Amino acid sequence: MQLARVEIWIRSVCFTLTLTAAAGADIIAEGRAPARAAPTARVARRESIDFEAGRIDVDSEREELVLSKGVVLASGRYRLLSDRLVLCRTADGVVLQGDGVLRFCPCESAPLSVGFSAATLRAGDLFVKNPTLRLRHVPVFWLPRLRLRAPDRIGLLPPRVAWRGADGLLAGTGVHLPFGRSDQGIDALDLRVSGYLKGGVELLARLATEHSSSSLRWDHLEQSMLAIDAHGATSDRDVWTAAYRVDALRGPRALGASNTLEEVARRFDHAVVSVGHAASAAQLAMGGWALSERGGAFDERGALGPFASIAVGDALGRVASAGATLGVSSADDEALGTETRAEQRGLLQANGAAGPVGLELALYDAVHARVRQGEAAEQALSAEVGLSLEAGWPLQRDYGWAFDPVQHRIEPFTRAALGAAFGDPVSETELAERRWGALLGGVRTALGRYAARQAGSLTLQAGMLGQEETLRPAAASRALLDAGGLGFSAEAAALVRGRPNGMSLLRARIGVKAALHVTGYLEGRSAPAPALLRALFEDNWDAPRTGWFDRAGWSAGGSLHVPWSNWLASSVGADFDVSREVLLGVRGGLAYRHPCGCLAALGSAGQRLGRDGVDVAFTLDLMP
């Protein structure tokens with residue numbers, strides 16, 4: 001006779017059994033219950049055990065539960081299989097006696113499992129005796145004891161192995177230190193210690209909380225390197241907000257030890273800490289900042305100092321708005337001395353219509369002041385004003401689908417802008433010529449289904465742009481597209497006649513992100529690419545006079561992602577300096593993920609400019 005359900009509550013050292021079965025059933029039950037009525041056992045405190053067995057015997061004298069004939073026992077993230085298991089309660093927890101196999105997922109074809117001769121469940125932890133790691137059914141590694149811990153418990157991190165180019169083999173492990181739980185998951189600190197076969201060491205600390213993420217890495221092999229990547233923000237009910245951001249790579253080994261091209265390509269280390277408050281139409285912020293050249297010495301502090309700013313803004317009726325900011329910052333630099341800067345910026349915008357033609361008027365002002373003390377003492381004060389007037393004729397039509405129609409919008413427009421500066425330039429990027437003007441015409445168009453998040457837009461404009469008495473033909477374009485299997489973004493501006501002068505930012509994706517796809521980019525600028533090119537874009541013509549890039553040159557790159565199946569994928573990529581015809585770096589990876597998500601394995605390899613040898617790393621992650 002089949003047993004429909006057995007509930008076992010383990011308290012102290014005795015069993016309390018509640019049997020629900022057909023009339024006349026005895027304690028010994030043979031046969032497997034249906035999956036939806038599988039026997040269930042619950043253990044007081046944290047242990048919760050579900051099991052299936054062809055035979056269940058209860059020995060009340062020994063206080064044991066004997067499971068046999070195809071035993072499948074599940075407790076939290078663990079799944080244990082055996083031909084025969086004896087369960088008993090001891091002071092150490094629930095003890096399982098008998099040979100079996102531990103899996104981390106319910107699938108029959110689990111790629112990784114652990115054989116055992118006995119196990120103990122206690123407060124969410126699993127203690128395994130004679131664990132044998134098996135790849136499919138082949139034993140590959142044995143230990144006398146193994147303790148598996150839940151993510152919210154203190155425990156050891158999986159071992160890590162990597163080949164760091166010319167630095168050689170790196171291997172190590174670490175400890176996981178959880179200290180809280182939030183809506184985002186478990187707050188924890190991970191500490192890793194790894195050693196180089198050549199005699200060096202790497203220390204890595206990662207802190208993850210609901211409001212912050214921080215990583216600190218110290219690497220030493222003949223020379224040392226310190227890498228910091230930390231950011232976080234928090235706020236209270238009174239709308240006070242505190243935030244910080246640190247991105248630094250320091251030490252004589254800094255630019256050579258990192259295997260990431262993006263990390264070493266950044267020009268500066270920076271740190272910002274700020275506190276802000278918002279009330280009605282005003283915002284106040286204050287804090288401190290630091291800036292230093294990337295890869296500098298540990299004792300080289302660069303420039304640092306405090307800053308404060310206040311911003312106000314509000315609507316002026318239905319058709320206008322106004323805003324203004326005032327900021328003050330100070331910096332103390334070992335080489336340049338102490339410098340204090342102040343900047344005030346204001347913007348007034350108004351919108352109107354003359355029949356079908358829409359009008360937009362914008363006025364801005366900017367006042368800059370700089371005071372430098374020390375041997376190179378100097379003072380500078382300048383002001384800048386600007387005016388922009390745009391007229392456009394927007395047209396729109398919808399096609400099909402009442403709920404989410406295809407919308408097409410087209411708007412021919414013309415725009416005139418003027419600017420003038422007075423006083424002394426306070427930065428090298430400020431315009432040498434003190435007056436400039438632009439007269440442009442163009443068209444904006446957009447097409448898409450916006451509820452389906454598939455749309456594209458294109459803006460083309462051309463005209464005359466000049467400084468003082470010199471006018472030159474200029475053109476600019478901006479394009480965005482996201483249509484499932486195709487993604488594209490581009491921004492370009494150029495002065496057409498005379499010496500080539502322009503910039504571009506182009507990124508593209510062909511294929512769906514979750515399937516086969518190719519990505520690529522091309523970006524850079526020609527010399528000198530003045531900040532005046534920003535006047536070609538209606539949304540930043542009044543922005544601070546800075547360029548898109550800090551130096552002339554062009555770079556390109558791309559990657560190819562190939563999902564060979566639902567469990568295997570690969571990728572390759574490269575970056576290239578077009579101007580100097582130099583290969584900056586190549587990279588590749590192969591990723592395996594079991595269909596049920598219980599196991600992931602990632603292998604990667606790469607080589608970059610400025611670092612000898614090839615970097616290879618392997619990561620194995622159990623995700624029960």
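Here is a chat about how some labels on this predicted model were earned.

Colleague: What makes Arg160 and Glu202 a salt bridge?

Modeller: Their side chains meet at 2.4 Å, N to O, and the cut-off is 4 Å, so the pair qualifies. Arginine 160 lies in strand β15 (residues 155-164) and glutamate 202 in strand β18 (residues 201-208), so the bridge ties together parts 42 residues apart in sequence.

Colleague: Why is glutamate 202 called buried?

Modeller: Its relative accessible area is 1%, and buried means under 20%, so glutamate 202 gets that label.

Colleague: How do you know whether aspartate 219 and arginine 253 form a salt bridge?

Modeller: The N to O distance for that pair is 2.6 Å, which is within 4 Å, so the pair counts. Aspartate 219 sits in strand β19 (residues 212-221), while arginine 253 is in the loop between β21 and α1 (254-257), 34 residues apart.

Colleague: And is aspartate 219 buried or exposed, and why?

Modeller: Aspartate 219 is at 0% relative accessibility, so with the bar set at under 20% it's buried. Arginine 253, at 9%, passes for buried because of the same bar.

Colleague: What about arginine 444 and glutamate 411: what makes them a salt bridge?

Modeller: Their closest N and O atoms are 3.3 Å apart, so the 4 Å limit is met. Arginine 444 is in strand β31 (residues 435-449) and glutamate 411 in strand β30 (residues 406-423), so this bridge joins parts 33 residues apart in sequence. Both residues are buried.

Colleague: Which residues do shared partners join into one network?

Modeller: Arg160, Arg164, Asp167, Glu202, Arg217, Asp219, Arg253, Arg611 and Asp615. Overall, the count comes to 32 salt bridges.

Colleague: On to the surface. Why is tryptophan 240 called partly exposed?

Modeller: Its relative accessible area is 39%. Buried is under 20% and exposed is over 50%, so tryptophan 240 falls in between. The residue is in strand β21 (residues 240-250).

Colleague: What makes up the nonpolar surface patch?

Modeller: Trp240, Val275, Leu284, Met286, Ile310, Val312 and Leu326 make it, covering about 580 Å². At 39%, Trp240 clears the bar of over 30% for patch residues, so its accessibility fits. β23 (282-293) and β24 (303-316) each supply at least two of the patch residues.

Colleague: Which residues touch the most other members of the largest nonpolar core?

Modeller: Leu67, Leu73, Tyr78, Leu80, Leu96, Leu102 and Leu126, out of 23 residues. Elements giving two or more residues include β7 (64-75) and β8 (78-90). There's also a second, separate core of 18 residues, with Ala417, Leu440, Leu495 and Ala535 among them.

Definitions and conventions: Residues numbered from 1 in each chain as written. Predicted model: local features only at pLDDT ≥ 70, side-chain atom pairs only at ≥ 80, totals over all residues. Heavy atoms only, no water. Patch = residues over 30% accessible without salt bridge, like charges linked within 9 Å, V, L, I, M, F, W, Y side chains within 5 Å. Areas by Shrake-Rupley, 256 points an atom, 1.4 Å probe, with all protein chains shown as cover. Helix = DSSP H or I, 4+ residues; strand = E, 2+ residues; numbered from the N terminus. Buried < 20%, exposed > 50% of the residue type's maximum accessible area, 1.4 Å probe, protein only. Core = buried A, V, L, I, M, F, W, Y, C linked by side-chain atoms within 4.5 Å.
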